[in-house]
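Please open the model in your viewer and keep the selection panel at hand, since each stop on this tour begins with something to pick out.

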Amino acid sequence: MNHFDREAFERDGYAVLPGFVAPERCEELRRRALEIIDAFDPTSVPAAVFSTTEKTHAQDEYFLTSGAVIRCFLETGVFVDGALTVPKDRAVNKIGHAMHDLDPVFERFSYTPDLAGVLAGVGMADPRALQSMYICKAAGTGGEVIAHCDHTFLWTEPQSVTGLWFAIDDATVDNGCLWALPGGHRLGAKTRFRRVGDGTTTDVFDPEPYPTDGFVPIEAARGTLVVLHGTLPHRSEPNRSDRSRHAYTLHVIDGAAEYPEDNWLIRGEDLPLRPYRAVAA
Ligand code: FE2
């Protein structure tokens with residue numbers, strides 16, 4: 001396992017740790033994700049379509065109530081006239097958002113002394129995992145994720161969110177690896193996505209879009225951990241290859257920071273966030 005390079009992280013806004021996770025752990029996670037997808041009946045929830053570019057009210061509702069459950073989201077355009085246009089394992093965009101606390105396989109993967117060590121290296125006083133996603137990025141159907149920073153979607157005062165991105169498949173330019181803007185974390189969050197009433201809104205602090213030049217691909221072999229600063233601009237392209245690009249992500253916040261109630265993700269009192277220090281002990 002490679003060690004976390006805090007200097008690189010503070011300079012670039014991300015750090016890459018090849019070989020952080022053993023291949024058999026990656027396979028275990030993939031098997032469990034595929035079981036969850038197998039048990040999912042998409043015809044029962046047409047609102048499951050996930051898109052970073054457009055949403056209906058029903059999709060909003062399906063998304064906004066997913067903070068404390070395990071739920072599958074579909075790619076855009078794969079559900080037509082009540083039926084899938086591609087096999088189910090290529091139709092699912094991702095699973096979210098509390099499997100790290102609700103599913104034993106994901107829980108074992110998410111709370112390890114090695115991860116507690118990385119989060120301490122980042123400088124977090126009291127890290128707590130807020131959100132988990134298993135992202136399928138299926139061959140030929142996996143859609144793009146537009147440039148954003150995670151602080152926009154998971155707000156704390158002060159900013160504390162840290163992204164942990166695990167390659168479950170080899171991620172390359174062809175199959176839609178992460179791209180990031182080195183040093184872009186110093187730009188801060190340009191927008192904030194939050195709840196208002198039954199819906200959501202996006203506050204705009206800086207209307208200037210991220211520069212299109214300067215993003216670099218982060219190709220990552222299976223088992224690689226990429227640690228992302230909460231204000232680092234990152235994106236990914238559609239998967240145009242014939243290979244899937246599975247990844248697992250955890251978004252961790254500092255228990256010492258305030259978590260405003262108008263964040264989209266609500267856990268509720270039944271499912272409090274768990275401190276990593278309990279894992280490391
Ligand atoms: Fe992100």
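The tour goes from the metal site to a sheet, then to the strands and a helix, and ends with salt bridges.

Keep in mind as you look that this is a predicted model.

**The iron ion**

Begin by selecting the iron ion together with His148, Asp150 and His234, which coordinate the ion through NE2, OD and NE2 respectively, at 2.2 Å. If you then look for these donor residues along the sequence, you will find them spaced as H-x1-D-x83-H. Colour histidine 148 and aspartate 150 next, and note that both of them are buried.

**The sheet of four strands**

Now select strands E7, E14, E9 and E12, which form an open sheet in that order, with antiparallel pairing. The edges of this sheet are strand E7 (145-148) and strand E12 (216-218), each of which pairs on one side only. From one strand to the next, the twist averages 30°. Staying in this sheet, zoom in on strand E9 (residues 178-180), which is joined to E12 by three bridges in the antiparallel sense; here alanine 180 stands opposite valine 216 of E12.

**Strand E6 and its partners**

Move on to strand E6, residues 127-135, where eight of the nine residues are buried. One of its partners is E5, with which E6 pairs in the antiparallel sense over four bridges, and in this pairing lysine 94 stands opposite isoleucine 135 of E6. Another partner is strand E15 (residues 247-254), which pairs with E6, again in the antiparallel sense, over eight bridges; within E15 you can pick out tyrosine 248 as the bridge partner of tyrosine 134.

Is histidine 97, your next selection, buried or exposed? This residue is found in strand E5, and histidine 97 counts as buried because its relative accessibility is 0%, where the cut-off for buried is under 20%. If you leave aside the neighbours within four places in sequence, the contacts of histidine 97 include Phe63, Phe73, Leu130, Met133 and Trp264.

**Helix H3**

Select helix H3 (residues 57-64) and show the side chains of Gln59, Asp60, Tyr62, Phe63 and Leu64, which are its buried residues. Those buried residues of H3 pack against four strands that you can add to the view, namely strand E2 (70-74), strand E5 (92-97), strand E10 (191-196) and strand E11 (199-204).

**Salt bridges**

The whole structure has 20 salt bridges, and three of them make good closing stops. First select glutamate 28 and arginine 25, whose side chains meet at 3.0 Å, N to O. These two residues are separated by about one helical turn because they are three residues apart in helix H2 (residues 23-38).

Next select arginine 30 and aspartate 169, which form a salt bridge at 2.7 Å, N to O. Arginine 30 lies in helix H2 and aspartate 169 in the loop between strand E8 (162-167) and E9, so this pair ties together parts that are 139 residues apart in sequence. Arginine 30 is buried, with a relative accessible area of 15%, and aspartate 169 is buried too, at 11%. Add Glu27 and Arg222 to the selection, and you have a network of salt bridges that links them with Arg30 and Asp169.

Finally, select lysine 190 and aspartate 206, whose closest N and O atoms are 2.7 Å apart in a salt bridge. Lysine 190 sits in the loop between E9 and E10, and aspartate 206 in the loop between E11 and E12, 16 residues apart. In this pair lysine 190 is buried, with a relative accessible area of 8%, whereas aspartate 206 is partly exposed, at 30%.

Technical notes:
Residues numbered from 1 in each chain as written. Predicted model: local features only at pLDDT ≥ 70, side-chain atom pairs only at ≥ 80, totals over all residues. Heavy atoms only, no water. Pairing = 2+ DSSP bridges. Axes fitted to C-alpha atoms, helices over the stretch in contact; angles between N-to-C directions. Buried < 20%, exposed > 50% of the residue type's maximum accessible area, 1.4 Å probe, protein only. Contact = heavy atoms within 4.5 Å. Donors = N, O, S within 2.8 Å, 3.2 Å for Na, K, Ca; no water. Salt bridge = Lys/Arg side-chain N within 4 Å of Asp/Glu carboxyl O.
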